[in-house]
Amino acid sequence: SNLESDLRHALAANEQLSMVYQPIVNTIDGTLIGCEALVRWQHPVRGFVSPVEFIAIAEQSELINLLSRWIVAKVAEDCHRMVENNIRIKVSINLSRKQFSDVHLVKRLSKEKAKLFPANQKINLEITESALFQNTQYAINLMHELKLAGFNLSLDDFGTGYSSLSSIQQFPLDNVKIDRAFICNCVDNPRDGLFLQTMSDLAHQLDLTITAEGVESSEQWQLVSDKGIDYIQGYLISMPLSIDDFITFDPVA
Ligand code: G
Ligand code: G
Ligand code: MN
Ligand code: NA
């Protein structure tokens, strides 16, 4: 079967697709400060299809617009559930390179924010590193517009790609997410530890917060904490959770 037409069908029927939410906590005391929304597709024949695969397929056509709209509407619905359960946290939504280069992005997201989300909902947009360096001036302008529209901005997957440490200072960011590649060996590899310390110091000099992704052990949590990294996310804290599980998630339990 053809994945593109299958995805089109799943979107039209509002089935097979779901959102999960991975907690993001304070490094110092483990309190919940936010979550990252991640899309999932349970295909009836193929089973779980990775978002890496189906987002790339959606981006080959206008289907990416439908998928983006579905994701934002679903996240908004789930933010209402969180607020009803007295969970008022920042929710992070990923933007792919192609989504980031859509000229209608700011207008569309602003409308959706006003119309669909709870009042005063804090929304963070995660932009992958490679998206910023295709056209630096375009990226800077777009990011200023997103900031004016009330969104917070994270640089996602930092360290995997193109940016030198100092080049990030030109972008109006709020937060940097260190790619999990630097976390997985950081306890044994002094070079990764040095990179984390350097990134943490730089982020704070630029007035950004910094998040470590992919924290899987308490040794990693301790090391990341020693480096002054503000927030952590990873399987040690929690897997990504359905909204039902997320609203009963207790980070300190
Ligand atoms: O959740 P998982 O580790 O399978 O995600 C794999 C990749 O897919 C990650 O790079 C993640 O950023 C991306 N991804 C997951 N959900 C979304 C989404 O809702 N929108 C976009 N653009 N990317 C997503
Ligand atoms: O590219 P991005 O950072 O958006 O991707 C997030 C992805 O990382 C999600 O698909 C999520 O499932 C995955 N992830 C989250 N925590 C961990 C972890 O502790 N270990 C590993 N290996 N993957 C993780
Ligand atoms: Mn992300
Ligand atoms: Na990432």
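Helices (H or I, at least four residues) and strands (E, at least two) are DSSP runs, numbered from the N terminus. Keep those labels in mind for the tour.

What you have open is a predicted model, in which local features need pLDDT of at least 70 and side-chain atom pairs count only at pLDDT 80 or more, while totals for chains, interfaces and linings use all residues. Residues are numbered from 1 along each chain as its sequence is written, and chains are lettered from A and ligands numbered from 1 in the order in which they are written.

**Stop 1: ligand 1**

Select ligand 1 and bring up its shell: L38, V39, S50, P51, V52, I55, I71, N94, L95, S96 and Q99. A residue is near a molecule or strand here if its C-beta atom, placed from the backbone, lies within 6 Å of it. Now colour by element: β2 (32-43), α2 (51-58) and β4 (90-95) each supply at least two residues of this shell. Which of them gives the most? That's α2, with 3 residues.

Try colouring by class too. Ala, Val, Leu, Ile, Met, Phe, Trp, Tyr, Cys and Pro count as nonpolar, Asp, Glu, Lys and Arg as charged, and the others, Gly among them, as polar. Around ligand 1 you get 7 nonpolar, 4 polar and no charged residues.

**Stop 2: ligand 2**

Next, pick ligand 2. Around it sit Q22, L38, N94, D156, D157, R180, E213, G214, E216, G234, Y235 and P240. With the class colours still on, this shell shows 3 nonpolar, 4 polar and 5 charged residues.

Stay on D157 for a moment. It lies in strand β6, and its phi is near 60°, a positive value in a residue other than glycine. Is D157 buried or exposed? A residue is buried if 20 or more other C-beta atoms lie within 10 Å of its own, exposed if 12 or fewer, and partly exposed in between, with C-beta atoms placed from the backbone. D157 has 20 such neighbours inside 10 Å, so it counts as buried.

For another positive phi, jump to Q16, which has about 70° although it is not a glycine. Look for Q16 in the loop between α1 (3-13) and β1 (17-26). With 16 other C-beta atoms within 10 Å, Q16 is partly exposed.

**Stop 3: strand β7 and its partners**

Select residues 175-178, which make up β7. Both faces are covered: N175 and K177 on one side and V176 and I178 on the other are all buried. In a regular strand the side chains alternate between the two faces of the sheet.

Now add the partners; two strands pair if DSSP finds at least two bridges between them. β6 and β7 run parallel and are joined by 3 bridges, while 4 bridges join β7 to strand β8 (residues 209-212), again parallel. Click V176: L155 stands opposite it, and in β8 its bridge partner is I210.

**Stop 4: helix α9**

Select residues 190-205. The expected span of a helix is 1.5 Å times one less than its number of residues. For the 16 residues of α9 that gives 22 Å, and the end C-alpha atoms are 22 Å apart, which agrees.

Which residues of α9 are buried? They are L196, M199, S200 and A203. These cover an arc of only 100° around the axis, which puts them on the same side of α9; the arc is that of the directions from the helix axis to the C-beta atoms. Turned away from that side are the exposed residues P190, R191, L194, T198 and Q205.

The buried residues of α9 pack against β7, α8 (181-184), β8 and α10 (218-226). Contact means that two C-beta atoms, placed from the backbone, lie within 7 Å. Just after α9 comes D207, with a positive phi near 65°.

**Stop 5: helix α7**

Move to residues 136-148. The 13 residues of α7 should span 18 Å, and the end C-alpha atoms are indeed 18 Å apart. Its buried residues are L142, M143 and L146. Seen down the axis they fall within an arc of 105°, so they line one face of the helix. Over on the other side, Q137 and L148 are exposed.

What do the buried residues of α7 pack against? Show α5 (105-116), β5 (123-128) and β6 (152-158). After the helix comes G150, whose phi is positive, near 100°.

**Last stop: S92**

Finish in β4, where you'll find S92. It counts as buried because it has 26 C-beta neighbours inside 10 Å. Leaving out residues up to four places away in sequence, S92 touches G34, C35, E36, A37, N124, E126 and S154.
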